[in-house]
Amino acid sequence: VQLQASGGGVVQPGGSLTLSCAASGRIYSMSAMGWYRQAPGNQREMVANITSGGSTNYADSLKGRFTISRDNAKNMGYLQMNSLKPEDTAVYFCSADIRSRSFSFPTAYWGQGTQVTVSS
């Protein structure tokens, strides 16, 4: 199983970006998916997560600007980021709890991270 995050880049303050997370490999089911970020010198922090049923949870400081979504049929997750600020600059990681077989326990997988830089 692999997770591939993409969509990062350089954007001006106030701009928008959409990150994608593609899960591939032997996937029987995928439960929770989440986005995390880590800025230089900081610990990794939770941005948002979403259950397979679509229930979402956001970091309090990001509510209203970021939107997490997923496409279960495609094993894809997304993070729409609006009104970006310089303090949103970080490497963004996706994570998902995946069962490879019907009898296996969920395992947390992580993508490699995608850099988001908000700068004028």
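These legends accompany close-up views of a predicted model.

**View 1. An open sheet of 4 strands, in the order β1-β3-β8-β7.** The pairing in this sheet is antiparallel. Its edge strands are β1, residues 2-6, and β7, residues 66-71. Each of these two pairs on one side only. On average, neighbouring strands are turned by 15° against each other, with direction ignored. Strands of a sheet pair through backbone hydrogen bonds.

**View 2. Strand β3 beside strand β8.** Strand β3 covers residues 17-24, and strand β8 covers residues 76-81. The two run in the antiparallel sense and pair over 6 bridges. Look for L17: M81 in β8 stands opposite. M81 appears again in the view of the nonpolar core, as one of the residues that touch the most other members.

**View 3. The hairpin of β7 and β8.** These strands also pair in the antiparallel sense, over 6 bridges. R70 has G77 in β8 as its bridge partner. Between the two strands lie 4 residues. N75 sits in this turn and has a positive phi of about 55°, although N75 is not a glycine. N75 has a relative accessibility of 21%, so it counts as partly exposed.

**View 4. The two faces of β7.** Side chains alternate along this strand. F66, I68 and R70 point to one face and are buried. T67, S69 and D71 point to the other face and are not buried. F66 is also one of the core residues that touch the most other members.

**View 5. S83, in the loop between β8 and β9.** Phi of S83 is near 50°. That is a positive value in a residue other than glycine. The relative accessible area of S83 is 40%, so this residue is partly exposed.

**View 6. The largest nonpolar core, with 29 residues.** Six names are worth finding here: W35, V47, F66, L79, M81 and Y92 touch the most other members. Strands β1, β3, β4, β5 (45-50), β7, β8, β9 (90-99) and β11 (114-118) each supply at least two residues. The largest share, 5 residues, comes from β9.

**View 7. The contacts of V47.** Neighbours within four places in sequence are left aside here. V47 is then in contact with W35, Y36, R37, N57, Y58, A59, L62, F66, L79 and Y92. Among these partners, W35, F66, L79 and Y92 join V47 in the list of core residues that touch the most other members.

**View 8. The aromatic pair of Y36 and W110.** The structure holds 1 aromatic pair. Its ring centres are 4.9 Å apart. The ring planes meet at 55°, so the pair is tilted. This pair links distant parts of the chain. Y36 belongs to strand β4, residues 29-38, and W110 to strand β10, residues 107-110. In sequence, Y36 and W110 are 74 residues apart. Y36 is partly exposed, because its relative accessibility is 23%. W110 is partly exposed as well, with a relative accessible area of 39%.

**View 9. R44 over two rings.** Which rings does the charged end of R44 sit over? One is the ring of F93, with the charged end 3.8 Å from its centre. The other is the ring of W110, with the charged end 4.9 Å from its centre. W110 is also a partner in the aromatic pair with Y36.

Technical notes. Residues are numbered from 1 along each chain as its sequence is written. This is a predicted model: local features need pLDDT of at least 70, side-chain atom pairs count only at pLDDT 80 or more; totals for chains, interfaces and linings use all residues. Side-chain values use heavy atoms; hydrogens and water are left out. Two strands pair if DSSP finds at least two bridges between them. Axes are lines fitted to C-alpha atoms, for helices over the stretch in contact, and angles run from 0 to 180 degrees between N-to-C directions. Rings of Phe, Tyr and Trp (its six-membered ring) pair if their centres lie within 6.5 Å; planes under 30 degrees apart count as stacked, over 60 as edge-to-face and the rest as tilted. Buried means under 20% relative accessible area, exposed over 50%, partly exposed in between (1.4 Å probe, protein chains only). A charge sits over a ring if NZ of Lys or CZ of Arg is within 6 Å of the ring centre and within 35 degrees of the ring normal. A nonpolar core is a set of buried Ala, Val, Leu, Ile, Met, Phe, Trp, Tyr and Cys residues joined through side-chain atoms within 4.5 Å. Contact means heavy atoms within 4.5 Å.
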